[in-house]
Amino acid sequence: MTTRLRIGVVGCGLVAQVMHLHYLRELPDLYEIAALCDVSQDLREACARDYNVAYTCADWRDLLAQTLDAVFILTSGSHAPIAIAAAEAGRHILVEKPMCFSVQEGNAMIAAAERAGVTLMVAYNKRYDPAYRRFADEASGLSDVRLLRITTLEAPFLPYVAHYRLHRPKPLPHAIQTGIAAENAARIAAAIGSVDPLSAHAYHLILLDSLVHELNAVRGVLGEPDELAFADITEHGITAVLRFGATQCVLTWVDLPGIARYAMEFACYAPHARLTLGFPSPFLRSAPTLLAREGGEPDTARSWRTEEITAYNESFREELLHFHACVTSGSAPITSGIDALHDIALCQSVIEVHRGRAPRERPSEWTPSAAQG
């Protein structure tokens with residue numbers, strides 16, 4: 001008989017409504033949504049009506065007091081305080097990215113989960129995309145990969161969610177807003193020190209909020225980088241150059257708010273083969289990720305390109321299937337807390353290399369000094 005997990009959800013915002021709650025309801029044999037928590041009363045009560053949830057609360061501590069098997073932490077900001085408390089309460093944990101704001105926080109989350117013997121998984125949905133898995137398998141079979149190019153064209157998200165029935169919260173009281181902002185600022189300062197406003201903005205709202213997905217995905221293909229050779233932050237984007245052995249990886253993220261055509265592309269180049277993976281907007285349900293292959297016949301003009309739809313399986317749903325399997329079997333998640341901590345270290349390294357204008361070896365590894373910011 002399949003074990004049905006009682007889930008408490010903390011945070012009823014956009015990603016909860018568009019993806020997580022939707023797919024939890026679609027998997028009734030595996031999950032029961034038992035409790036919802038959000039600081040907005042209107043928002044949590046509206047979601048409770050939609051998903052027939054009897055218990056709601058404003059304080060996550062009250063949610064942890066309920067009889068639950070696992071907690072989904074889908075709030076903005078650092079997830080460390082809630083995750084540590086959830087582990088101490090014996091709950092399995094799925095946290096949305098970023099897992100936290102610093103290596104120090106991440107270490108505390110991992111230690112709490114290990115002490116309690118509970119699963120800690122970070123919701124990097126792209127790692128569970130069938131096309132991404134095919135891309136990773138095929139890239140691993142290529143010899144002499146010379147370049148991996150990652151390009152993200154960020155676009156306004158509202159056109160991608162306007163067709164959903166979404167509940168929008170009323171503005172929070174000023175005291176709550178200022179408290180959240182002050183806590184975020186303090187955690188960012190602890191992670192990267194006193195930096196210029198541009199670097200602090202990029203660390204919080206580009207690296208942790210968006211680019212952490214690309215960093216995790218490239219690590220899933222190539223492993224840990226040997227060097228972060230270059231990083232540059234501008235008002236509208238970030239460019240970084242990583243080295244994985246003989247393979248160079250050039251990563252570019254740019255904000256282009258005038259065109260609602262989001263694009264994220266992974267392109268892998270070897271002398272005799274090219275692979276390109278094109279991700280759709282993460283807000284579209286079951287939009288396929290496209291995998292293209294290019295090849296040719298040496299010393300002739302012959303070349304070819306094929307494009308494949310691997311599957312229509314939604315990566316968020318695949319992610320939930322994986323979490324359930326890990327909790328019920330005791331196996332480690334692909335995107336475990338330990339795996340995700342490499343991404344936080346890499347985000348901190350991007351700020352360091354940008355500021356210092358000097359390369360850093362093993363930028364995704366953490367040390368006591370890096371953990372202190």
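Reader: Hi! Is Arg187 buried, exposed or partly exposed?

Author: Hello! In this predicted model, Arg187 counts as partly exposed, at 21% relative accessibility.

Reader: Thanks! Which residue does Arg187 form a salt bridge with?

Author: Its partner is Glu183, and the closest N and O atoms are 3.0 Å apart. Glu183 is partly exposed too, with a relative accessible area of 39%.

Reader: Where do Arg187 and Glu183 sit along the chain?

Author: Both are in helix H8, residues 174-192. They are 4 residues apart there, so about one helical turn separates them.

Reader: Cool. How many salt bridges does the structure hold?

Author: There are 26. One of them pairs Glu265 with Arg149, with the closest N and O atoms 2.8 Å apart. Glu265 lies in strand E11 and Arg149 in strand E7, so this pair ties together parts 116 residues apart in sequence.

Reader: And what about Arg4, which residue is its partner?

Author: Arg4 forms a salt bridge with Glu32, at 3.7 Å between the closest N and O atoms. Arg4 is in the segment before strand E1, while Glu32 belongs to strand E2, 28 residues away.

Reader: New topic: how many residues does helix H10 have?

Author: H10 has 15 residues, 315-329, and reaches 21 Å from its first C-alpha to its last.

Reader: Which residue caps its N-terminal end?

Author: Glu314 does, with a side-chain oxygen 3.2 Å from the backbone nitrogen of Phe316. Phe316 is among the buried residues of H10, along with Leu320 and Val327.

Reader: What follows H10?

Author: Gly330 does, and its phi is positive, near 80°.

Notes
Residues are numbered from 1 along each chain as its sequence is written. This is a predicted model: local features need pLDDT of at least 70, side-chain atom pairs count only at pLDDT 80 or more; totals for chains, interfaces and linings use all residues. Side-chain values use heavy atoms; hydrogens and water are left out. Helices (H or I, at least four residues) and strands (E, at least two) are DSSP runs, numbered from the N terminus. The expected span of a helix is 1.5 Å times one less than its number of residues. Buried means under 20% relative accessible area, exposed over 50%, partly exposed in between (1.4 Å probe, protein chains only). A polar contact is a pair of N or O atoms within 3.5 Å; within protein, one must be able to donate a hydrogen and the other to accept it, and residues adjacent in sequence count only if both atoms are side-chain atoms. A salt bridge is a side-chain nitrogen of Lys or Arg within 4 Å of a carboxyl oxygen of Asp or Glu.
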